[in-house]
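Work through the exercises below with the sequence and the model beside you, and try each task before you read its solution.

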Amino acid sequence: MGVQYYNPACMKPASFDYLAPRSLEEALDYLAEHGYEAKVLAGGQSLVPAMNFRLARPAVLVDINPLSELDYLEETDHRLRIGTLVRHSTFEKPVCQGPTGRLLAMAARHVGHWPIRVRGTFGGSLAHADPAAEWCVIARLLDADLVTRSSSGGRHIPAEMFFQTVFTTALEPDELLLEARLPLLSSDTKVGFQQFSRRAGDFALAMVAVAFQIEEGKVMNPRIALGGVSDRPLRAPEAEQMIEGADPGDPSFRAAAETAAREIEAIGDIHGSASYRRDLVRALTRRAFEQAITIS
């Protein structure tokens, strides 16, 4: 058997220039100047490991952590505005009253391990666009409005258009994600979040988030979002349509779960086959609906 040697170069990033802007305008100027050669450093919980393994080799690192104006939570116009630098751990307790705060807290408990939740950021997770990231699924479930800015102006990008494929978003090289705007769900909205990982803190093989109301004994306005099963977070429109107006309960929840599992084009990899992921979607969708009924 051959001898394997440890190569320390494989655990160190390639050389790069480090820039620490003192204002948002300065950060945007840096991004405009360096374009594709630059990467934004927020929490760094995904970017830094990728750089250490040289899967990412930015020539320039723009550290936005000093920009305290991007670390905020505000409730305005029936929406929750989340600044891009708000840390994951902030959401472990509801940050606002009602179902939106409760749903964010449900999801936050599944985000990595404690050191990751302390340093990682909400906006960084969205911009990284990992299909198995909790905040990407929540953004898709709630039709989040993602606000960006560059030195030439700003944009509002709906979550449906923002996530394009694995680690790829609609952000231009000179754009910075400033905030996510989530609707403050009405008090009668029921929410559920279920996720499956091999071990606590591991990447999810599948996750399901649901939100719906019950009016006159019927399920109304259902939303179902899936993560970890495709190249981007998805909604399950056929399952949503199927359970609209149905009686809340196990038969309807199982039927919606079957439909959600059938309509997705699940991916397969070394962690689980496409068939296995569809089975997970089937189980997690039913559990998320049951959780919503029980807890909400």
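**Exercise 1.** Determine how far apart the C-alpha centres of domain 1 and domain 2 lie, and how much area is buried between the two.

*Solution.* Begin with the bounds, which come from an automatic or database domain assignment: domain 1 covers 70-183 and domain 2 covers 190-295. Their C-alpha centres are 21 Å apart. Next, take the contact (heavy atoms within 4.5 Å), to which domain 1 contributes 24 residues and domain 2 contributes 26 residues. The buried area, that is, the accessible area (1.4 Å probe) that two parts lose on being put together, summed over both, is about 2100 Å², and carbon and sulfur atoms give 66% of it. Finally, on the side of domain 1, the residues that lose the most area to domain 2 are M106, V137 and L141, which together make up 27% of what that side buries.

Before going on, note that this is a predicted model, in which local features need pLDDT of at least 70 and side-chain atom pairs count only at pLDDT 80 or more, while totals for chains, interfaces and linings use all residues. Residues are numbered from 1 along each chain as its sequence is written, and side-chain values use heavy atoms, with hydrogens and water left out.

**Exercise 2.** Find which residues touch the most other members of the largest nonpolar core, and explain where this core lies relative to the domains.

*Solution.* A nonpolar core is a set of buried Ala, Val, Leu, Ile, Met, Phe, Trp, Tyr and Cys residues joined through side-chain atoms within 4.5 Å, where buried means under 20% relative accessible area (1.4 Å probe, protein chains only). The largest one has 41 residues, and L126, W135 and I138 touch the most other members. Helix α6 gives the most to this core, namely six residues; helices here are DSSP runs of H or I with at least four residues, and strands are runs of E with at least two. Because domain 1 and domain 2 both give residues to this core, it lies between them. As for L126, its contacts beyond four places in sequence include W135, F162 and L177.

**Exercise 3.** Work out the order of the strands in the five-stranded open sheet, and say which ones stand at its edges.

*Solution.* Two strands pair if DSSP finds at least two bridges between them. The order is β4-β5-β10-β6-β7, with antiparallel pairing. β4 (73-76) and β7 (153-158) each have a single partner strand, so one side of each is left without a neighbour in the sheet. Then look at individual pairs: five bridges join β5 to β10, and I82 stands opposite A180 in β10, whereas β4 and β5 pair over four bridges, with R81 in β5 as the bridge partner of E74.

Terms used
Buried means under 20% relative accessible area, exposed over 50%, partly exposed in between (1.4 Å probe, protein chains only).
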